[in-house]
Amino acid sequence: MEDMPVFTNDAVVFGLLMISLGFVFYTSSIKTGFWAKFYKIVPGVLMCYLIPAILNSLGLIDVSVSNLYFVASRYLLPASLVLMTLSIDLKAIFNLGPKALIMFFAATVGIVIGGPIAILLISIFSPDTVGGAGFDATWRGLSTLAGSWIGGGANQAAMLEIYQYNPEKYGGMVLVDIVVANLWMAIVLLGVGKSDRIDKWLQADNSAITQLKDKVSAYSESVKRIPTLPDFIIILALAFGAVGIAHFGADEISSFLVSTFDVFQDKKSSLASFSSEFFWMITIATAIGIGLSFTKFKQYEGAGASKIGSIFIYILVATIGMKMDLGAVFDNPGLIAIGLVWMAIHVIILLVTAKLIKAPYFFLAVGSQANVGGAASAPVVAAAFHPSLATVGVLLAVFGYVVGTYGAILCTILMQLASGS
C-alpha cells in the first residue's frame with residue numbers, strides 16, 4: 001500500500017493550491033529586486049505548475065486521493081473556455097494561417113516515428129527494457145502512450161483494448177505518461193517567457209498572433225467598465241450555464257452513439273474515442289462560447305469575463321501540477337528513458353519544422369500540447385500566451401481526438417517491427 005499524503009482533505013489541498021497561486025501572483029507583481037529578476041527567468045505560469053508538483057513530490061498532497069483535478073477539468077476548464085471565447089474574433093483566428101495545422105501534424109509525426117526510434121536506440125543499451133513476449137511485450141504497453149500522446153485518455157484506453165497489454169504492468173506505462181508528458185509541459189511553459197527570443201531564432205513571423213491579441217485587447221478596452229455584482233453573476237451564469245448544457249449534451253450524445261452504433265461501443269474501434277464524454281463536453285462548451293461571441297453578451301468582456309476565465313485556467317494548471325511527482329523519474333529508469341528519447345525526437349521534429357516554415361513558438365507549443373496533453377493542456381498553454389488564444393488550443397486538440405487512434409495504431413505497428421516482434 002502506498003503511503004498516504006499528509007493532507008487528504010480536498011478543502012485543505014485546495015487551500016494550499018490557492019495559497020500557492022496567491023504567492024506566485026503577489027511575488028510576480030513586485031517590479032523590483034529579487035522577484036523581478038526571478039520572473040524574468042521563470043514564467044509565473046510555470047511556478048503555478050511547479051509549486052503543486054513540489055508539494056506532491058514531498059508527499060504533502062496527492063492527486064490520486066483528490067477530486068480537485070476532476071473538478072477543475074470537468075467544471076472550471078469548460079467554464080473558462082466559454083469566458084475566453086466570449087470576445088473571440090473567429091476571422092482573426094482563421095487569419096493565423098496554415099502554420100498552426102502544419103505544426104500540429106508535425107507534432108503527430110514526431111510521436112508516430114519517435115516511438116519506434118526510441119525502441120531501436122534503447123535496445124542498443126538495454127534489450128530487456130524493450131523486450132517481453134506475448135501480452136507482456138513492451139511495444140504493447142507503449143501503444144497506450146502513443147494513444148495518449150496523440151489523442152488523449154480515450155485514445156489511450158482504445159489502445160489498451162486493441163493490443164491487450166498486461167493490466168498488471170500497465171501502471172508503469174501510466175507513470176511514464178505522467179512523468180514525461182508533464183516534464184515536457186513544464187519546459188513548454190518555461191519557453192512561454194522566452195518566446196520572443198525563440199521566435200527570433202526561428203526567424204518567425206508572429207504578426208498575425210500579435211494582431212489577434214491587440215484586436216482582442218483593444219475591444220476589451222473599448223467596452224471596459226467597473227464591474228458590478230450583477231455583472232459577475234451574469235458572467236458566472238453564462239459560464240456555468242454553458243457547463244451544464246455541455247455536460248448534458250455530452251452525456252446524451254455519448255449515450256446515443258454507444259447505444260445506436262456498434263462501432264462506437266467497440267472499444268477496439270478507431271471511432272471509439274468519439275464516444276468520450278470529455279471530448280463532447282469540451283467541444284460543446286467551446287461552441288457555446290463562440291456562439292455567444294456573436295451576441296451582446298460579448299460586451300461582458302469589458303466586465304472581466306476573460307479574467308475570470310483565466311482564474312479557472314490557473315486553478316487547472318495547479319491541479320495538473322499535482323500529477324507530477326519529481327521523484328518518480330527514478331522509479332523505472334528504463335521505461336522513463338524510452339519516454340524521454342521518444343519525446344526528444346518529437347521535439348526535434350517540431351523545431352526543424354518550425355525553423356523550415358518560420359513558425360512562431362506559439363504554434364510549436366500549442367501544436368505539441370494538442371497532441372501530448374490533449375484538450376486539458378492545449379488551452380492552458382495557449383492561454384499562457386494570451387487568454388484570447390485559448391480557442392486555438394481547443395480547436396487543435398479536437399484534431400488530436402480525430403487522428404489519435406489512427407496515428408497510435410500506425411506508431412504501434414512501427415514499434416512492433418522495431419522490437420523485432
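## A helix tucked inside

All 12 of the 12 residues of helix α17 are buried, so this helix is largely enclosed by the rest of the structure. Keep in mind that this is a predicted model. The buried residues of α17 include the aromatics Tyr361, Phe362 and Phe363, and polar ones are on the list too, among them Ser368, Gln369 and Asn371.

Helix α17 covers residues 361-372. From its first C-alpha to its last, α17 reaches 16 Å, close to the 16 Å expected at 1.5 Å a residue. Just after α17 comes Gly374, which takes a positive phi of about 75°.

## A greasy patch on the outside

Now for the surface. Val109, Ile113, Ile117, Leu121, Ile124 and Phe125 come together there as a nonpolar patch. Between them, these residues have about 560 Å² of accessible area.

Phe125 is one of the patch members, and it sits in helix α6, which runs over residues 99-125. With a relative accessible area of 70%, Phe125 counts as exposed, because the cut-off for that is over 50%.

## One salt bridge

How many salt bridges does the count come to? Just one. Its partners are Asp231 and Arg225, whose side chains meet at 3.0 Å, N to O.

What about the surroundings of each partner? Asp231 has a relative accessible area of 8%, so it is buried, given that buried means under 20%. Arg225 comes in at 32% relative accessibility, so it counts as partly exposed.

Definitions and conventions
Residues are numbered from 1 along each chain as its sequence is written. This is a predicted model: local features need pLDDT of at least 70, side-chain atom pairs count only at pLDDT 80 or more; totals for chains, interfaces and linings use all residues. Side-chain values use heavy atoms; hydrogens and water are left out. Patches are made of residues with over 30% relative accessible area and no salt bridge: like charges are joined within 9 Å, nonpolar side chains (Val, Leu, Ile, Met, Phe, Trp, Tyr) within 5 Å. Accessible areas come from the Shrake-Rupley method with a 1.4 Å probe; for residues, only the protein chains shown count as cover. A salt bridge is a side-chain nitrogen of Lys or Arg within 4 Å of a carboxyl oxygen of Asp or Glu. Helices (H or I, at least four residues) and strands (E, at least two) are DSSP runs, numbered from the N terminus. Buried means under 20% relative accessible area, exposed over 50%, partly exposed in between (1.4 Å probe, protein chains only). The expected span of a helix is 1.5 Å times one less than its number of residues.
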